[in-house]
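Here's a walk through how the strands and helices of this protein fit together. Have the structure open while you read.

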Amino acid sequence: MRNILVTGGAGFIGSHLVRLLVNKYPDYTIVNLDNLTYAGNLANLKEVEGKANYRFVKADICNYEKMQQVFAEYQITGVIHLAAESHVDRSITDPFVFAKTNVIGTLTLLQAAKEYWKNDMNGKLFYHVSTDEVYGSLDHGGFFFETTPYDPKSPYSASKAGSDHFVRAFHNTYKLPVVISNCSNNYGPYQFPEKLIPLFINNIRHNKPLPVYGKGENVRDWLYVEDHARAIDLIFHKGKVGDTYNIGGFNEWKNIDLIRVMIKVTDRLLGRPEGESEKLITYVTDRAGHDLRYAIDSTKLHKELGWLPSLQFEEGIEKTIRWYLDNQVWMDNVTSGDYQKYYEQMYTNR
Ligand code: NAD
Ligand code: TYD
């Protein structure tokens, strides 16, 4: 029997992970802890909310007493920590909340785990989910390896790097059993439409401008979110304690090329003449300090644990676009209220 605390389970990646774990491990209790920020949405978890092995706790990971209480109440034996502020543009506007949630929140959880497990660390594991952005930005060649020195460039990546350092420090200092993975950009259903792919699909649908930062030449390495969730499950169960695993699909796309593929597929699915929405492409002021390129080498994960992405990108992006078009109610719900304000602040006069 295992009682696993998943933090940030109402967010994009967390909801896919919770769904996978709840369905795959009926003998585990999966405790989803999330304070439901703008990015957290329980509608993402409708499919599992009635299951006997699923619990939801609304709480802030920065609240130490509450974390102690949750560890004790649910007799937590493993943590998979995803709760975070996750959007680079927001970190440029308000870096403080990133330091608070990502650094202090992670430290708070580490301390709660260490205290609760201090008499018996056997069979316990604190799994920290991180990003490839901690490695900084690549030029046109090379990859990020597990051994690449940290060189974060945005307030978001700096806060994630800080949290990774605390996780390793707890392993080194207190022998807390930890594992870390650093993943490339994810795409798929349930991603909040502030990120490139869902934002652009929604804008194409509504004939709204597609705000391409700079010249659209930045490169990202895209992985289908369910493949990330499978990797987390594998590393949680089979990964070596104290190790780091890079996760990525060897699937690099220049933004503008990816945008053209999205336009082509979305137009086709909407029954529009192919390429009609190209006219929506609007080049806007670049993101401050915009990282040029991310590219993950995930050979270690493949060689040691046998993980490979299951979906080809062409299949994954079509599946994703179809999902957003078919789930307009979900999109309407998450884009009502504060989203409008966010959109205006971020994109007006850019
Ligand atoms: P997300 O923004 O969609 O979800 C974050 C979740 O954390 C939300 O449900 C939110 O309510 C919750 N949360 C935020 N602050 C909290 C707090 N103080 N207490 C409790 N819950 C809180 O993020 P995501 O894209 O699903 O990313 C999840 C994790 O994976 C993050 O740690 C992120 O750094 C990492 N990651 C994301 C990507 C990506 O492409 N999205 C890639 C690699 C790694
Ligand atoms: P994003 O989805 O925010 O992920 P990240 O910055 O963490 O990689 O952005 C992906 C890429 O798309 C990034 O190079 C910035 C660019 N981008 C735009 O050109 N326009 C936009 O409106 C957004 C949100 C992103």
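What follows starts with the sheet, moves to the helices on it, and ends with the helix pairs.

Keep in mind that this is a predicted model.

**The sheet**

Let's begin with the sheet: in what order do its seven strands run? The order is β3-β2-β1-β4-β5-β6-β10, the sheet is open, and the pairing is parallel. The edges are taken by β3 (54–58) and β10, each with a single partner strand, so one side of each has no neighbour in the sheet. On average, neighbouring strands are turned by 20° against each other, direction ignored.

At the β3 edge, strand β2 (residues 29–34) pairs with β3 in the parallel sense, over five bridges. If you want a spot to click on, try leucine 33, whose bridge partner in β3 is valine 57. Helix α1 (residues 12–24) packs on the sheet and touches β1 (3–7), β2, β3 and β4 (78–81). The direction of α1 makes about 165° with that of β2. Helix α2 also packs on the sheet, touching β1, β2, β3 and β4, and its direction makes about 165° with that of β3.

Now go to the other edge. Strand β6 (residues 178–183) and β10 are paired in the parallel sense over four bridges, and serine 181 has tyrosine 245 as its bridge partner in β10. In a regular strand, side chains alternate between the two faces of the sheet. So are the faces of strand β10 (residues 244–247) covered or open? Both are covered: Thr244 and Asn246 are buried on one side, and Tyr245 and Ile247 are buried on the other.

**Helix against helix**

Three helix pairs are worth a look, and here are their numbers.

| Helix pair | Axis distance | Angle |
|---|---|---|
| α2 (residues 64–74) and α4 (residues 95–117) | 9 Å apart | about 40° |
| α6 (residues 196–205) and α8 (residues 255–270) | within 10 Å | roughly 45° |
| α8 and α10 (residues 313–326) | within 10 Å | roughly 55° |

Take α2 and α4 to start with. Angles from 35 to 65 degrees fall in the oblique class, and α2 and α4 are therefore oblique to each other. The crossing of α2 past α4 is right-handed. On the α2 side, the contact uses Tyr64, Met67, Gln68, Phe71 and Ala72, and these meet Thr108, Leu109, Gln111, Ala112, Ala113, Glu115, Tyr116 and Trp117 in α4. That contact counts nine nonpolar residues, three polar and one charged.

Next come α6 and α8, which are also oblique to each other, with α6 passing α8 in a right-handed crossing. From α6, the contact takes in Leu196, Ile197, Phe200, Ile201, Ile204 and Arg205. From α8, it has Asn255, Leu258, Ile259, Met262, Ile263, Thr266, Asp267 and Leu270. By class, this contact of α6 with α8 holds 10 nonpolar, two polar and two charged residues.

Helix α8 turns up again in the last pair, with α10. Their axes cross at roughly 55°, which makes α8 oblique to α10, and the crossing is right-handed. Here α8 brings Leu258, Val261, Met262, Val265, Thr266, Arg268, Leu269 and Leu270. Facing them in α10 are Phe313, Ile317, Glu318, Ile321, Arg322 and Leu325. How do the residues of the contact of α8 with α10 divide by class? There are 10 nonpolar, one polar and three charged.

How values were computed: Residues are numbered from 1 along each chain as its sequence is written. Chains are lettered from A and ligands numbered from 1 in the order in which they are written. This is a predicted model: local features need pLDDT of at least 70, side-chain atom pairs count only at pLDDT 80 or more; totals for chains, interfaces and linings use all residues. Side-chain values use heavy atoms; hydrogens and water are left out. Axes are lines fitted to C-alpha atoms, for helices over the stretch in contact, and angles run from 0 to 180 degrees between N-to-C directions. Helices (H or I, at least four residues) and strands (E, at least two) are DSSP runs, numbered from the N terminus. Angles under 35 degrees count as roughly parallel, over 145 as roughly antiparallel, 65 to 115 as roughly perpendicular and the rest as oblique. A crossing is left-handed if the near helix is turned anticlockwise from the far one by less than a right angle, and right-handed if clockwise. Contact means heavy atoms within 4.5 Å. Ala, Val, Leu, Ile, Met, Phe, Trp, Tyr, Cys and Pro count as nonpolar, Asp, Glu, Lys and Arg as charged, and the others, Gly among them, as polar. Buried means under 20% relative accessible area, exposed over 50%, partly exposed in between (1.4 Å probe, protein chains only). Two strands pair if DSSP finds at least two bridges between them.
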